[in-house]
Amino acid sequence: MFLIMRYFAKLLKALASEASPGQIAGGIILGMIIGLTPFFSLHNLLIVVLILVLKVNIGMALFSFAVFSGVAYLADPIFHSFGIWLLELESMQQTWTNMYNSEWWALTKFYNTVVIGSFVTALILCIPAFPLLKYGVVQYRKHIHAKVQKWKVVQAFKSTKFYSIYQTVSRVRG
Amino acid sequence: MRIGGLITVLVLAGIIFAAAFFITDEWVESNIEYQASVLNEAKVELDGFEFSLLNLQMKWDRLQVANRNSTMENIFETGETEFSMEFWPLILGNKVIVQNVRLTGFELATERETDGYFEMPEIEEDEEPGFLYSVVKQVSGEAQKNAEVRFTDIRDDMNVDSLMAQINLQSVDKIDSLRNGIQQNYSKWDSTFNNTPIEKEIATAQNTIESIKVDEIKDPKKAVEAIENIRKLRAQVDSMKTKADSLRNNFQQDYGSSRYDLGQVDNWIEDDFQRALNVAQIPDLDVQNIGKALFGQNLLGDYAVYLEYVAIAREYGSRLIGDDEDLEEIPRYEGLDYEFSDKYDWPGFWFKNIELSGRTKSELGISGVVTNISSNQEKTGEPVLFELGAEDENQVSLSLNGEFNYLEESPRESFNFNYAGFTLSEARLSGSDLLPYELESGKGELNLNLDIVDRRIESRIDYLATGISFDFEAAGEPKNRVESLIRNAIGSTDNVDVTALVDNIEGPLRVRVRSNVDDLFMNALRQTISQEVENAKRKIEAEVEKQVDGKKEQLAEFKQEKEAEIQARYDELQAKVDEQLARIEEKREELEEKKKELEDELKNRVRDRIGIDFK
């Protein structure tokens, strides 16, 4: 329980930290792609590398991955149907065939209904999600963060011994 | 750019690569051994196994495939073997596609140092042992039977009592069992007739008929009602008659079924007689059988061994075919794979070309090529083909060419095996006591052609021994007249040509063995032991008959008696039904008459009253 609370505290802290809204939105976006699509896919390896290499917020990526994995579980039949529609699109047949016949593209498993359906869905969601998230972070910092800090739950948590130890450790680690 | 992240990625990649490099050998080896052992139902072991991730190369120093029927023996083993798997099939589809295999030290039927028993995981057993295994069993049985026939031991003073003590005559028990079966069947039908509702229904019908008093009917309407009732009753009794008929038919069908057929008794007695002949090792002196008796054991024994390899190939082929079936259900979150071309339509495994070398049991160096061993021939479009050969400095040659074709609906295996030029010096041509002599010289040639399509088998084995001379001296003086006549007959023969035919083209499996020396042996036997053989047969036949004497007749009498009893029960029932039918008919006529009488009376009264005649 403490770990979960600590994690949330970290997330809230990240929202108000010096990390740029772009980094936080980037973390959420990349975590969302991994969460929505089947985990053991080649493109996810690339996303993981991007999370590690780019200066996106890793905590937010993990949080987003956990949330969107649950969403994906529910949306699986929709992804499957969307995947069928995409893979049967007349105008795309030549592209799909070329990709399928290329071993490197075949490694991505884009010929699978759920992989392509969820991946394209995730990409489409990225377009509005990224600016919206950035805007959301800014708005949070400006209007909501101070209020959240006054919540009794947050106050209670901050008064625990664990939190003070955590703060000390965080300061030491920089 | 996060430098720490980049370093983390590189370190992780390094760790994964190093782990894969160091632990794959053992992991891959144990997996291959386990999966292959499950398939083989006995241990498959690899020694000196190496797997290189860099070029997907696999290598082993020794492979042993244990024989599940004799676990201290290998079906085959190989020495150093090396091949590389194709990258993309392995990565994309977990399929093992191999262009070339170099396989050395191939040997069939080698001894094992350890037990090859493998504890099988619980899986569904195949319900059928397989057609080819049943043929192997039959042919092995023929070979064994021929090995037991003794020609030179036939004696006129055979002790039939001691012989019969060795044979458990089964006819008597089977006759008793049949008698019990008939008794139980009788009881069943007796009870059926006792409990049939027809008797009660007859009684009810009888009461109904008697309750109709024709004399007391005064009104034509009542007469019409009574006629209607009698018509309904007639329908009921007709239905009783149908029931009784069906009861009789069922009884006759049941009693007459093959289970209670007395004709079986003769077959049982004949079986006992044949068993007694086998135990007494009395030969069947027929020119059709002499070749089988002389050469059957050797030729058919070898044939059964070769056929067993084909049976194994077919069994493994059929087991593997099911592996590549696509799943019909779409597992949640796994989706459906679309195939835009057949580029990745690979079988589970496919060894395209195997260059094989090794040694036969007779230390003949063998080499050749086996192509297209796969888990699914429909996907490769290629049958398994093998072409192996050997020849040594003494012109001893061996060749094995053939095909295992599972591309069509009916599996087909065909091959030709030829082994020629081997020396027959100090060899024996036959396991029979008629030809116990070693050869001083000679060369042999064995040719086997086998063609199996599904359950249809056609095969021919030719054995040719040329330039032979028998070493009679080593065998000493002839012990009896048979031996002496046989030596005279075959002494001048310098070649023996034997042909064995095993097929089921015209129905059940036929095994025939003929040779160019059959007539020579038959003549010698007819001049000597034929009388003894006939006497021994007669004695055994008489003894078997004595033991079952009268049993068959008693059984027939018993069956007839029981059948007659049930038949009488039926006849009685039938008579009662017929009687009721007659009475109904009689009553109906009476009622019709009464009705007419009453109607006439009514008409007369009307005429008298109003003067109108309705006639």
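Q: What percentage of the 174 residues in chain A is buried?
A: This is a predicted model, in which local features need pLDDT of at least 70 and side-chain atom pairs count only at pLDDT 80 or more, while totals for chains, interfaces and linings use all residues. Residues are numbered from 1 along each chain as its sequence is written, and chains are lettered from A and ligands numbered from 1 in the order in which they are written. A residue is buried if 20 or more other C-beta atoms, placed from the backbone, lie within 10 Å of its own, exposed if 12 or fewer, and partly exposed in between. By this criterion, the buried portion of the 174 residues in chain A is 28%.

Q: How many helices does chain A have?
A: Helices (DSSP runs of H or I, at least four residues) and strands (runs of E, at least two) are numbered from the N terminus. Along its sequence chain A reads α-α-α-α-α-α-α-α-α. Its strands number zero and its helices nine.

Q: Which percentage of the contacts in chain A with a separation of 6 or more joins residues 24 or more positions apart?
A: Two residues are in contact if their C-beta atoms, placed from the backbone, lie within 7 Å. In chain B, among contacts between residues at least 6 apart, those joining residues at least 24 apart make up 71%. For chain A, the corresponding value is 83%.

Q: What is the average pLDDT of chain B?
A: The predictor assigns the complex an ipTM of 0.79 and a pTM of 0.60. pLDDT is the predictor's confidence in each residue, from 0 to 100. In chain B, 90% of the residues score at least 70, and the average is 81.

Q: Which element gives the most residues to the side of chain B that touches chain A?
A: The interface brings 18 residues of chain B into contact with 22 residues of chain A. On the chain B side, α1 (3-40) and α2 (87-93) are the elements that give two or more residues. With four residues, the element that gives the most is α1(B).

Q: Are helices α5(B) and α15(B) roughly parallel or roughly antiparallel?
A: Helix α5 (171-195) and helix α15 (551-610) of chain B pack with their axes 10 Å apart, at an angle of about 5°. The contact includes Ile182(B) and Trp189(B) of α5(B), and Leu555(B) and Phe558(B) of α15(B). Angles under 35 degrees count as roughly parallel, over 145 as roughly antiparallel, 65 to 115 as roughly perpendicular and the rest as oblique. The two helices are therefore roughly parallel.

Q: Which element supplies the largest share of the largest nonpolar core?
A: A nonpolar core is a set of buried Ala, Val, Leu, Ile, Met, Phe, Trp, Tyr and Cys residues joined through C-beta atoms within 7 Å. Among the 44 residues of the largest one, those touching the most other members include Val139(B), Tyr303(B) and Phe521(B). Elements that each supply at least two residues include α3 (131-148), β13 (439-453) and α13 (518-528) of chain B. The largest share, 11 residues, comes from α9(B).

Q: Is Leu485(B) buried or partly exposed?
A: Leu485(B) belongs to helix α12 (481-490) of chain B. Its C-alpha lies 8.7 Å from that of Gln527(B), 42 residues away in sequence. Because it has 19 other C-beta atoms within 10 Å, Leu485(B) is partly exposed.

Conventions
Axes fitted to C-alpha atoms, helices over the stretch in contact; angles between N-to-C directions.
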